[in-house]
Amino acid sequence: MKTVIYLDVLLLVNFLAGYFLLLAAGLLAGCRAKLPRLLVASALAALSALILFAPELPYPVQILYKLGSGAAIVWAAFGARSLRRFLCAAFWYVTLNLLLAGLALLAIVQTGAPFVQTNNLAVYLRVSPLLLLVLAGICCLAVEAVLRLLGQNDPPARCIGVELDLCGSKVCLRAMLDTGCHLKDPVSCLPVLLVSYPDAETRLPAPVREFLDAWYRGDPPAEPPEGLRLRLIPCTTAEQASLLPGFAAGRIGLISPQGVMPLDRTAVAFSRQSFGTERYEALYGPDFL
């Protein structure tokens, strides 16, 4: 028996299936992938299936190819700024791939289509491409449904608007309450507003962006932007202890229906990691307000 595999169908099906699985893996790992990165990662997932047509490789090479291609796909989608999140996303991506393969095999058993073709640890199942996409969509929808169900009893998060002065410019950000955020300015000993630089980058003045870009490259300027005083904020997490770059802002205020209410807080720190959501760009602790 000969099997005819249409290359365009194979690539399209793997692209869409990879998109759904990466979307679900991001939900489970708490990572937010921007659409361009998600599309690139899905394209890599589709191209990785072409190993099915290659001559049979030594088994160690097959293993290395699977590990390398999987890591590249997850890196393209979510990046690797946090090793823990990267490994978590990779784990869920692999798990969801196995779940999808199990559902497809179940469909084969139920429909009586016995054909399965394997090569270089790539599996070709003789099922309808539409069925495979539906199963991938079911995996994604099931993950979202479970997360929504488990999150029904969670207390509503408190999000506020804050306005701060940086380099003479007003910067408006959305901040979320984080009960585990206890950063303090070592100079004033007052609570600090923690801002995600990747999430808030487009809202910051150019001198602040240039300084932080140089800082993260490992080549910080000798002087902070004009009008700002540099603050090094100690930060201890489950992964590491570090010093976050920050500034003593001219003013930090709470945006309310009555206007901007000034707060007795002047320091802001910047994190290199994204918070993984579009709902807010900053975190504040319970003692910040």
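The paragraphs below go through a predicted model, from its overall make-up to individual helices, strands and residues.

The protein has 289 residues, of which 40% count as buried. Its secondary structure comes to seven helices and eleven strands. Taking contacts between residues at least 6 apart in sequence, 66% join residues at least 24 apart. The average pLDDT is 81, and 85% of the residues score at least 70. One stretch that scores low is residues 152-156, where pLDDT stays under 50. For this stretch the model has zero contacts beyond four places in sequence. Where pLDDT is low, the predicted coordinates should not be read in detail.

Helix α2 covers residues 35-48. With 14 residues at 1.5 Å a residue, α2 should span 20 Å, and its end C-alpha atoms are in agreement with this, being 20 Å apart. The buried residues in α2 include L38, A41, S42, A45, A46 and S48. Viewed down the axis of α2, the buried residues fall within an arc of 160°, so they line one face of the helix.

Helix α7, made up of residues 206-217, can be checked in a similar way. Its twelve residues reach 16 Å from the first C-alpha to the last, close to the 16 Å expected at 1.5 Å a residue. V208, F211, L212, A214 and Y216 are the buried residues of α7. These buried residues pack against one helix, α6 (197-200), and against the strands β3, β6, β7 (241-248) and β10. After α7 comes G218, which has a positive phi near 90°.

Among the strands, β3 (residues 159-166) and β4 (residues 169-177) run antiparallel and are joined by eight bridges. L166 stands opposite S169 in β4. The hairpin of β3 and β4 has two residues between the strands, and in it C167 takes a positive phi near 55°. Strand β4 also pairs with β11 (residues 282-284): these two run parallel, with three bridges between them. In this second pairing, M176 stands opposite L283 in β11. As background, the side chains of a regular strand alternate between the two faces of the sheet.

Two of the strands that α7 packs against, β6 and β10, each hold a residue that can be followed in detail. In β6 (residues 229-236) lies R231. Is R231 buried or exposed? R231 has a relative accessible area of 13%, and because the cut-off for buried is under 20%, R231 counts as buried. Which side chain does the side chain of R231 meet in a polar contact? The partner is the side chain of D185, at 3.2 Å. Residues up to four places away in sequence aside, R231 touches D185 and V187, and also L244, P245, G246, F247 and A248.

The residue to follow in β10 (residues 267-271) is S271. S271 is buried too, with a relative accessible area of 8%. Apart from neighbours within four places in sequence, S271 is in contact with L194, V195, S196, Y197, P198 and Y216. Of these partners, Y216 is one of the buried residues of α7, and the buried residues of α7 pack against β10.

Note on methods:
Residues are numbered from 1 along each chain as its sequence is written. This is a predicted model: local features need pLDDT of at least 70, side-chain atom pairs count only at pLDDT 80 or more; totals for chains, interfaces and linings use all residues. Side-chain values use heavy atoms; hydrogens and water are left out. Two strands pair if DSSP finds at least two bridges between them. Helices (H or I, at least four residues) and strands (E, at least two) are DSSP runs, numbered from the N terminus. The expected span of a helix is 1.5 Å times one less than its number of residues. Buried means under 20% relative accessible area, exposed over 50%, partly exposed in between (1.4 Å probe, protein chains only). The arc is that of the directions from the helix axis to the C-beta atoms. A polar contact is a pair of N or O atoms within 3.5 Å; within protein, one must be able to donate a hydrogen and the other to accept it, and residues adjacent in sequence count only if both atoms are side-chain atoms. Contact means heavy atoms within 4.5 Å. pLDDT is the predictor's confidence in each residue, from 0 to 100.
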